[in-house]
Amino acid sequence: MKKGLLILGCGGQGKIAYDCAQFLDNYKKIAFMADTLPDSPPFFDALVFNDDPKDYSALQKEYPDIFIAIGNNAIRLEKSVFFMKLGFNLATLIHPMAYVSPYAKIGKGSIICVNAVVNTFAEIGISNIINTSAVIEHDCKLDDGVHISPNCSIAGNVKIGTKTWVGIGSCIINNLNIGNNCIIAAGSTVTQNIPNNVLAAGTPAVIKKQI
């Protein structure tokens, strides 16, 4: 039975989520919810609701599934936990032009975007963004709230900690550990383990500062 999907966030991630969900056959209707409403809906056929806690119970009846479309990793993960506690189901969106191995595991609330690859025995945590044409190779383990930007390549058996952001076009060689709450700057090539809470950049990537 088809149901309603509520997308939290009207920005770029919200538009990507809506586009992906439109290709799926799971939802009879899709709406947006945001604390700051745009002058007009991002898409003409979608309703936009104000993010008001008093409205959650009513919205949940019409939209039992929710997708948290927020780019900030920490906020996205915080909101995911909040809405799960309210009883919403975190929607998982996998674009039909992505490849996800049947032996991979995809956590709730994650999106696998167009042309992305999640290969065999990879594990993707809750509320991850695997963006356009990103490659997650075999046996990788991504913790919760990770964002892998477009055209990134993550080689086999890499572990990436919670709330880490890997910038566009970056590469991480196999068998490395990337810490929690890190930023890997755009276009970097990571050839060594990266500790928690740092910004790393360059080819090869080196630690630039604590964050």
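Contact here means heavy atoms within 4.5 Å. I'm jotting that down before anything else, since my notes on Ile178 lean on it. Also for the record: I'm looking at a predicted model.

**Entry 1: Ile178**

I started at Ile178, which sits in strand β20, residues 177-178. Is Ile178 buried or exposed? Its relative accessibility comes out at 3%, so I file it as buried, the cut-off being under 20%. Then I listed what Ile178 touches, skipping residues up to four places away in sequence. On the earlier side of the chain I got Val158, Lys159, Ile160, Gly161, Thr164 and Ile172. The list also holds Ile184, Val190, Gln192 and Ile194. I checked Ile154 too: Ile178 is 24 residues from Ile154 in sequence, and their C-alpha atoms are 11 Å apart.

**Entry 2: the parallel sheet**

Ile154 took me to its strand, β16 (residues 153-154), which runs parallel to β19 (residues 171-172) and is joined to it by 2 bridges. Which residue of β19 stands opposite Ile154? I found Ile172 there, a residue already on my contact list for Ile178.

Zooming out, β16 and β19 belong to an open sheet of 6 strands, ordered β7-β10-β13-β16-β19-β22, with parallel pairing. At its edges I have β7 (99-100) and β22 (189-190), each paired on one side only.

**Entry 3: the mixed sheet**

Next I traced another open sheet, this one of 8 strands. I read its order as β6-β9-β12-β15-β18-β21-β23-β24, and the pairing is mixed. Its edge strands, with a partner on one side only, are β6 (93-94) and β24 (206-210).

I looked at the β6 end. There β6 runs parallel to β9 (residues 111-112), with 2 bridges between them. Leu93 has Ile111 of β9 as its bridge partner.

Further along the order, β21 (residues 183-184) is joined to β23 by 2 bridges, again parallel. Ile184 of that pair stands opposite Ala200 in β23; I had met Ile184 before, as a contact of Ile178.

**Entry 4: β23, β24 and the turn**

How do β23 and β24 pair, parallel or antiparallel? Antiparallel, over 4 bridges. One bridge I picked out puts Leu199 with Lys209 in β24. The two strands make a hairpin with 4 residues between them.

The turn kept me a while. Gly202 there has a positive phi of about 105 degrees. Pro204 is in the loop between β23 (198-201) and β24, and the peptide bond from Thr203 to Pro204 is cis, omega near 0 degrees. I flagged that bond because most peptide bonds are trans.

I also checked where the β23 side chains go. In a regular strand they alternate between the two faces of the sheet. Val198 and Ala200 point one way, Leu199 and Ala201 the other, and all of them are buried.

**Entry 5: odd phi values**

Most residues other than glycine have a negative phi, so I hunted for exceptions. Phe121, not a glycine, shows a positive phi of about 65 degrees. I place Phe121 in the loop between β10 (117-118) and β11 (123-124), and at 46% relative accessible area Phe121 is partly exposed.

Asn151 also has a positive phi, about 60 degrees. Asn151 lies in the loop between β15 (147-148) and β16, and its 47% relative accessibility counts as partly exposed.

**Entry 6: Gln13**

I wanted a look at a helix too, and chose Gln13 in α1 (residues 12-23). At 15% relative accessible area, Gln13 is buried. What does Gln13 contact, leaving aside neighbours within four places in sequence? I noted Ala69, Ile70, Gly71, Ile129, Asn131 and His147.

**Entry 7: whole-chain numbers**

Tally for the chain: 3 helices and 24 strands. The C-alpha atoms fill a box of roughly 50 × 35 × 30 Å along the principal axes. The radius of gyration is 17 Å; a compact globule of 211 residues would have one near 17 Å, so the two agree.

Buried residues make up 45% of the 211. The chain exposes about 9800 Å², with carbon and sulfur atoms supplying 54% of that. Among contacts between residues at least 6 apart in sequence, I get 28% joining residues at least 24 apart. Last item: the 17 positive and 16 negative charges have mean positions 4 Å apart.

Conventions
Residues numbered from 1 in each chain as written. Predicted model: local features only at pLDDT ≥ 70, side-chain atom pairs only at ≥ 80, totals over all residues. Heavy atoms only, no water. Pairing = 2+ DSSP bridges. Rg over C-alpha atoms; globule rule 2.2 N^0.38 Å. Buried < 20%, exposed > 50% of the residue type's maximum accessible area, 1.4 Å probe, protein only. Areas by Shrake-Rupley, 256 points an atom, 1.4 Å probe, with all protein chains shown as cover. Lys, Arg positive; Asp, Glu negative; His and termini not counted. Charge placed at Lys NZ, Arg CZ, Asp CG, Glu CD.
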